[in-house]
Amino acid sequence: MSDETLGTRLHDDPSAASAEGSHFDVLVIGAGLSGIGAACHLVRKRPGTTFAILEERNAIGGTWDLFRYPGIRSDSDMSTFGYAFRPWNDSTAIADGPSILRYLAETAKAYSVDRHIRFGLKVVRASWRSESARWALDVHGPNGEKLRFSCNFLFLCTGYYEYAEGYTPRWPGTERFAGRVVHPQKWPEDLRHDGKRVVVIGSGATAVTIVPAMAAEAAQVVMLQRSPTYVVARPTEEAIAERLKQWLPTRAAHAAVRWKNILLQMYLYRLSRRKPAAMRAQLLRLAQGELGPEFNAAECFNPRYEPWDQRMCIVPDGDLFAAMRAGKASIVNGEIETFTETGLRLTSGQEIEADLIVTATGLKVRLMGGVAIEVDGAPVDIASTTAYKGVMFSDIPNLASIFGYTNASWTLKSDLIAEYVCRLLSHMDRRRYAICTPRRDDAAIADEPTLPLTSGYIERAKHLLFKQGTKKPWRVNQNYALDVMAFRFGAIEDGALEFKRREPISRAA
Ligand SMILES: Cc1cc2nc3c(=O)[nH]c(=O)nc-3n(C[C@H](O)[C@H](O)[C@H](O)COP(=O)(O)OP(=O)(O)OC[C@H]3O[C@@H](n4cnc5c(N)ncnc54)[C@H](O)[C@@H]3O)c2cc1C
């Protein structure tokens, strides 16, 4: 790649930051679902805006390219996981990873945003300068070269976890184990599991996906869980979608299914929070119905926490239950005392033999893509900031980030945020504003925990998370209807966003 395509090589001269070819109205960081969506929104709503997507990896798709474990699939329904502006166009309610990756690549192509992606560029530092009303980005190139880009508005679409490695707890004796140990985030291409005895450690979305997928060919698969999770069967096909298409134009049929799923999810979430005991009993009844009388659902699927204290696990067409009924998969509750030469020994004394151990133990949270942020020379600790509408951060100018819902499809929120950022930029252009900064000046607003989940990865990352306030616009909604009102219809100038004039945000203005 030439210098021009990569950016500007970093010199001692700070004016290098603004050299033509590396300055954009907007820089989007990350070419995953959020970054591609954000860029599509820019193309659709702000055709004159100059932008580029800087992507650390050499591929599009983020999560959907990285994860390659058997059975990788969505656990949200595709009517809400697909973009609103480019509906997922078949009746599959739950799609496999390769189909999602294809959909993302096709969307990028359809809106020509693929031409704006610059691969192999890792953003390491973003420095805001008020006097120039610009961000200067320090970027590491594919061959270790140091490059600099600059922009008027920075849009971080960097996901929420560390790409280099997943989370693996330390267990005694791992070096003794003669078989292979694999983390789902780094699935080896050559790994065979046919005829093998597999233990999957974990009980989250990844574990419940891998277990039935491997059970088809493995000699046996044991899911070892320290504590159970709520697991719900869901049909792979969205039956009503095909019927609606006979009555309504395709777009209207899609919108109807999408809203049905949005409202159903909101209703079930609210019900879970209001009547946790009734919801727990119902979830157990459903699991018991799937398992049949030979199993006791309460042993495997009755968590210590209430429904939706952690994300619920969906299993397409009840595949996990079917694998258990067929005797191909089983669930063991217990804590690992040590790895042994031939498997695992639990604190209960039980030994589990294994040829292959899969550590489906989660992610390491990393916010803002690990980018070090500075405002006028002062480093910013994101954990000390308060999220404005869950999009911007107190005292950080011209920066937005995407963090999706924890209780619904990520895309529902990423679409709304991208739409809002376009609205905000257009407003700034109209009023000839160059800088917008959320200011948390209201002393009556107290802090609250940001995410309503108690999942392990969120507990481990509490010290990294930005704060939310007790009142809007400082609350991070986990509610699509409230966010539609806030992002689509809420006043841009709401007293909490401070605006300043210099030159307009976009050269096209
Ligand atoms: C296995 C798995 C399954 C999931 N299933 C669902 C689901 O069914 N439904 C749901 O709603 N959510 C799901 N999620 C959450 C999921 O991550 C989001 O839905 C969505 O894919 C996130 O997209 P994103 O673009 O925000 O982040 P990512 O997919 O993580 O993409 C971020 C991109 O930014 C790049 N990047 C990061 N930092 C930098 C940097 N400093 N410089 C340059 N580039 C950088 C990364 O390389 C990556 O390409 C799942 C998550 C996982 C891990």
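What follows is a short exchange about a predicted model and its ligand.

Biologist: How many residues surround the ligand, and which are the closest?

Modeller: The model is predicted. The shell around the ligand counts 35 residues. The closest are Ser34, Glu55, Asp75, Ser76 and Tyr163.

Biologist: How do the residues of the shell divide into nonpolar, polar and charged?

Modeller: Each residue of the shell falls in one of these classes. Polar residues number eleven, and charged residues seven. The nonpolar count is 17.

Biologist: Which helices and strands each supply at least two residues of the shell?

Modeller: Two helices and two strands are on the list. The strands are β3 (51–55) and β5 (122–129). The helices are α2 (33–45) and α3 (63–66).

Biologist: What lies 2.7 Å from an oxygen atom of the ligand?

Modeller: Take the backbone first. A backbone N or O atom of Leu33 lies 3.1 Å from a ligand oxygen. A polar backbone atom of Val123 is 3.0 Å from a ligand nitrogen. The 2.7 Å distance belongs to a polar side-chain atom of Thr63.

Biologist: How much of the ligand's accessible area does the protein cover?

Modeller: On its own, the ligand has 980 Å² of accessible area. The share covered by the protein is 96%.

Biologist: Is Arg366 buried or exposed?

Modeller: Buried means under 20% relative accessible area. Arg366 has 13% relative accessibility, so the residue counts as buried.

Biologist: Which residue forms a salt bridge with Arg366 at 3.8 Å?

Modeller: Arg366 sits in the loop between β17 (356–359) and β18 (372–375). The partner is 204 residues away, in the loop between β7 (146–156) and β8. The partner is partly exposed at 22% relative accessible area. The residue is Glu162.

Biologist: Which residues are linked with Glu162 and Arg366 in a network of salt bridges?

Modeller: In general, side chains of opposite charge can pair when their charged atoms come close. Here Glu162 and Arg366 belong to a linked network. The other members are Glu56 and Lys122.

Biologist: How many residues apart are Arg46 and Asp429?

Modeller: Their side chains meet in a salt bridge, 2.6 Å from N to O. The pair links distant parts of the chain: Arg46 is in the loop between α2 and β3, and Asp429 is in helix α12 (residues 410–431). Both residues are buried. The separation in sequence is 383 residues.

Biologist: Is Arg192 buried or exposed?

Modeller: The side chain of Arg192 meets Asp194 in a salt bridge, 3.0 Å from N to O. Asp194 counts as partly exposed because its relative accessibility is 36%. The cut-off for exposed is over 50%. Arg192 is at 55%, so the residue counts as exposed.

Biologist: How many salt bridges does the count come to?

Modeller: The count takes a side-chain nitrogen of Lys or Arg within 4 Å of a carboxyl oxygen of Asp or Glu. Arg192 and Asp194 make one such pair. The count comes to 33.

Biologist: Which residues make the nonpolar surface patch of about 280 Å²?

Modeller: Start with Leu268, found in helix α8 (residues 250–274). Leu268 is partly exposed, because its relative accessibility is 32%. The patch is made by Leu264, Tyr267 and Leu268.

Biologist: How far apart in space are Lys186 and Leu412?

Modeller: Lys186 is found in the loop between β8 (180–182) and β9 (197–201). Lys186 is exposed, with a relative accessible area of 53%. Lys186 and Leu412 are 226 residues apart in sequence. From C-alpha to C-alpha, the distance is 28 Å.

Terms used:
Residues numbered from 1 in each chain as written. Predicted model: local features only at pLDDT ≥ 70, side-chain atom pairs only at ≥ 80, totals over all residues. Heavy atoms only, no water. Near = heavy atom within 4 Å. Polar contact = N/O pair within 3.5 Å; in protein donor to acceptor, adjacent residues only side chain to side chain. Areas by Shrake-Rupley, 256 points an atom, 1.4 Å probe, with all protein chains shown as cover. Helix = DSSP H or I, 4+ residues; strand = E, 2+ residues; numbered from the N terminus. Nonpolar A, V, L, I, M, F, W, Y, C, P; charged D, E, K, R; others polar. Patch = residues over 30% accessible without salt bridge, like charges linked within 9 Å, V, L, I, M, F, W, Y side chains within 5 Å. Buried < 20%, exposed > 50% of the residue type's maximum accessible area, 1.4 Å probe, protein only.
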